[in-house]
Amino acid sequence: MTCRTDPVAHPPPRPVQPLPEPLAWVSEALDHLTADGLRRPHRIRSGRQGGTVELDGRSLINFGSNDYLGYAGDVRLTKAASKAACSEGFGAGASPLVSGHSQAHERLEHAINQLLDVPASVAFPSGFAANSATIAALVGPGDLIASDERNHASIIDGCRLSRADVVIYPHRDAAALEAHLAAARGRRRRLIVTDTLFSMDGTIAPLVDLCEVARRHGAMLMADEAHATGVFGKRGSGLVELTGCEHGVHIRTGTLSKAIGAAGGFVAGHPDLIEWLRHAARGWIFSTAHPPAVAAAATRAIELIAAEPHRRQELLGRAAVLRDRLLTAGIDISAAAAQIVPIVAGTAEAAVGLSAHLATRGLFVPAIRPPSVPQGRSLVRASLSWLHSDTDLDHLADAIITCRR
Ligand SMILES: Cc1ncc(COP(=O)(O)O)c(C=O)c1O
């Protein structure tokens, strides 16, 4: 299947008036971002992404995508989506609760159940909605959430939305977490929430310890597998499977947009938990289901994850080689332990400078700045894909090492 999209025809610029007075603060806020080196570029991608990507008309080796297994541009997903769009139409038209839950969504939930080996799951329009809506459905005012300091924004927003009290424990520090829970004995409910593979620095949560703390304190444990699904575990379901924590982690969330190469999110667990979310998770109830074609593409990718385990094995093998090479050269890659490899740069300017230098060497490795990371911990983040060759990774390592000398 070969398809071409015409390049965007840019219409002549429209005249722009100054912002109306009540909104004048927006221009000032943008000026502050510019002054602090925090203004984000707006890039346009052309064509299908893969190991390389064309951004603003320039072809670069792509280390800026979460397409870990190379399925986002895979024609097998396109075919599955086209078939579903032909039979079910494109838009879902309504919330899953009303009439938006199609045969394709039902098949997707069965596929998720099989991948994770769980009795039930529910598909959400995005991973962000899955996290934020689930937290707000599980706890409320007077309850306590203990959240890792580097958790994803969707978890942070879910915590705020819930109106529960929130304690932030130091990154991956199970002992500090335990102390917080010990001090919270009288609470109605306690929820521990963590990413399993942290998106910014590629570190891994101490799941076995977290399960033990949760068990000792009768707390619920929720784990977001957004970056681990498809990559870790014998079946490829994630770090919960790899660490044997299936029984200790009560609520497993994830996204269909990264290794699965499609879009949407999910929550998996006990059938009663899933049934509760269908009655209480506002991001599922009050949002249109994602298109059936997207659900069909995600289902196809889950089948491929089962059929092509070599992709995740090779990806993790190459990531380990890259990390070793950078560490040996004295590069600070934090405590990265997976296919997300950060190069800690320090200031926002230093991260932008390193990213720009790598672009001159034909590499797209985006700069990550506050608020995505704490002040002084800006970095460039290389997200590896199965589509990268050993030569691509050697080229990346050479460019980083040369630049940092
Ligand atoms: C750790 C983590 N959780 C959740 C999400 C949200 O997933 P989605 O992109 O499907 O909304 C992301 C996406 O960036 C993420 O990195």
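Hi everyone, this is a short tour of the two domains of this predicted model and a few backbone spots.

Some ground rules before we look: this is a predicted model, where local features need pLDDT of at least 70, side-chain atom pairs count only at pLDDT 80 or more, and totals for chains, interfaces and linings use all residues. Residues are numbered from 1 along each chain as its sequence is written, and side-chain values use heavy atoms, with hydrogens and water left out.

Let's start with the domains. The assignment, which comes from an automatic or database source, gives domain 1 as 43–69 + 309–404 and domain 2 as 75–307. Their C-alpha centres are 26 Å apart. Between them, domain 1 and domain 2 bury about 1,800 Å², with 54% of it on carbon and sulfur atoms; buried area is the accessible area (1.4 Å probe) that two parts lose on being put together, summed over both. On the domain 1 side, Leu 69, Arg 312 and Ile 340 lose the most area to domain 2, together 28% of what that side buries.

Now the backbone. Most residues other than glycine have a negative phi, and most peptide bonds are trans. Asp 117, however, has a positive phi near 55°, and Arg 163 has one of about 65°. Asp 117 is exposed, with a relative accessible area of 59%, and Arg 163 is exposed too, at 63%; exposed means over 50% relative accessible area (1.4 Å probe, protein chains only).

One last stop: which two residues does a cis peptide bond join? They are Pro 370 and Pro 371, with omega about 10°.

Methods:
Buried means under 20% relative accessible area, exposed over 50%, partly exposed in between (1.4 Å probe, protein chains only).
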